[in-house]
Amino acid sequence: MEIDVLCAVPGLLEGPFSHSILERASKRNLLHVQVIDLREYGLGKHHQIDDYQYGGGAGMVMMVEPLYNAITELQSDRAYDEIIFMTPDGLPFTQAKANQLSLKGQILIICGHYKGIDERIREHLVTLELSIGDYVLSGGELAAAVVIDAVGRLIPGVLNDETSALFDSFQDGILAPPVYTRPAEFKGWKVPDILMTGNEAAIDAWREEQAEKRTRERRPDLLRD
Ligand code: ADE
């Protein structure tokens, strides 16, 4: 899978993809992330990418031209399955969305800054708008990193134990049960006896019950259909 990220602050994305699971994904040639600096497409000698908004008001807007030039140049090389704009007024990014995106071949993610991007790019070029939550970040880069992490780990072959993603919180619509590892007792804090019994059916039932309890207590909205 190829993910291109078009952004104004590429430095923010220097770290996230060169460690741990995403590093492995790239070494296995399962995921390739390319970060493109929008400023390279900026106008004039100052490589301008933002300007005052029509109608007045505080805050700069990312200009249509540099974005258009960058996107169309990238498109001459790749046929994107999806052109995503990260924005707090986008559709909520969920595990279901991550699953859908993990099946795509080529994706472009555009990160906004300042007041946002010129609406004409959203109208004419963007195919999907995503929000990672009801709060405003200073730019879309960190939101894009969140999406790439969640999607990247779902690409077949990225996780060593293929089944482990299946038991993630949200993968079947509810939260994951608690987990424990050695030692069996620490400062008097004990691991639940059931997990030591070796009785797989009983352990599965306990985990299911714990997952449901946790979801009812913390996220009852997930249980409402
Ligand atoms: N850009 C700024 N805030 C954002 C958010 N919550 N989700 C996605 N992109 C954003």
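A strand, such as β5, is a DSSP run of E with at least two residues, numbered from the N terminus. In this predicted model, β5 supplies three residues to the shell around the ligand, the largest share. The protein chain is assigned domain 1 (2-152) and domain 2 (169-222). The briefing covers the ligand site, the cysteines, one loop residue and the domains.

**Ligand shell**
- The ligand is surrounded by 13 residues.
- Thr87, Ile132, Gly133, Tyr135 and Leu137 are the closest of them.
- By residue class, the shell holds eight nonpolar and five polar residues.
- Charged residues are absent from the shell.

**Polar contacts and burial of the ligand**
- Backbone atoms of Gly133, Tyr135 and Leu137 each pair with a ligand nitrogen, as listed next.
- For Gly133, a polar backbone atom lies 3.1 Å from a nitrogen atom of the ligand.
- For Tyr135, the distance from a polar backbone atom to a ligand nitrogen is 2.8 Å.
- For Leu137, a polar backbone atom and a nitrogen atom of the ligand are 3.0 Å apart.
- The ligand taken alone exposes 260 Å², and the protein buries 96% of that area.
- Two elements, β5 (82-92) and β7 (128-131), give two or more residues to the shell.

**Cysteines**
- How many disulfides does a search of the whole structure find? The count is zero.
- Cys7 takes part in no disulfide; its nearest cysteine sulfur belongs to Cys111, 5.0 Å away.
- Why is there no bond from Cys111 to Cys7? The closest cysteine sulfur to that of Cys111 is in Cys7, and 5.0 Å is too far for a bond, because a disulfide needs the two sulfur atoms within 2.5 Å.
- Cys7 has a relative accessible area of 0%, so this residue is buried.
- Cys111 is buried as well, with a relative accessible area of 0%.

**Asp118**
- Where does Asp118 sit? The residue lies in the loop between β6 (106-111) and α4 (119-124).
- Is Asp118 buried or exposed? Its relative accessibility is 16%, so Asp118 counts as buried, because the cut-off for buried is under 20%.
- Val61 is 57 residues from Asp118 in sequence. In space, the two C-alpha atoms are 6.3 Å apart.

**Domains**
- Domain 1 spans 2-152, and domain 2 spans 169-222.
- Taken over C-alpha atoms, the centres of domain 1 and domain 2 are separated by 37 Å.

How values were computed. Residues numbered from 1 in each chain as written. Predicted model: local features only at pLDDT ≥ 70, side-chain atom pairs only at ≥ 80, totals over all residues. Heavy atoms only, no water. Buried < 20%, exposed > 50% of the residue type's maximum accessible area, 1.4 Å probe, protein only. Domains from an automatic or database assignment. Near = heavy atom within 4 Å. Polar contact = N/O pair within 3.5 Å; in protein donor to acceptor, adjacent residues only side chain to side chain. Areas by Shrake-Rupley, 256 points an atom, 1.4 Å probe, with all protein chains shown as cover. Helix = DSSP H or I, 4+ residues; strand = E, 2+ residues; numbered from the N terminus. Nonpolar A, V, L, I, M, F, W, Y, C, P; charged D, E, K, R; others polar.
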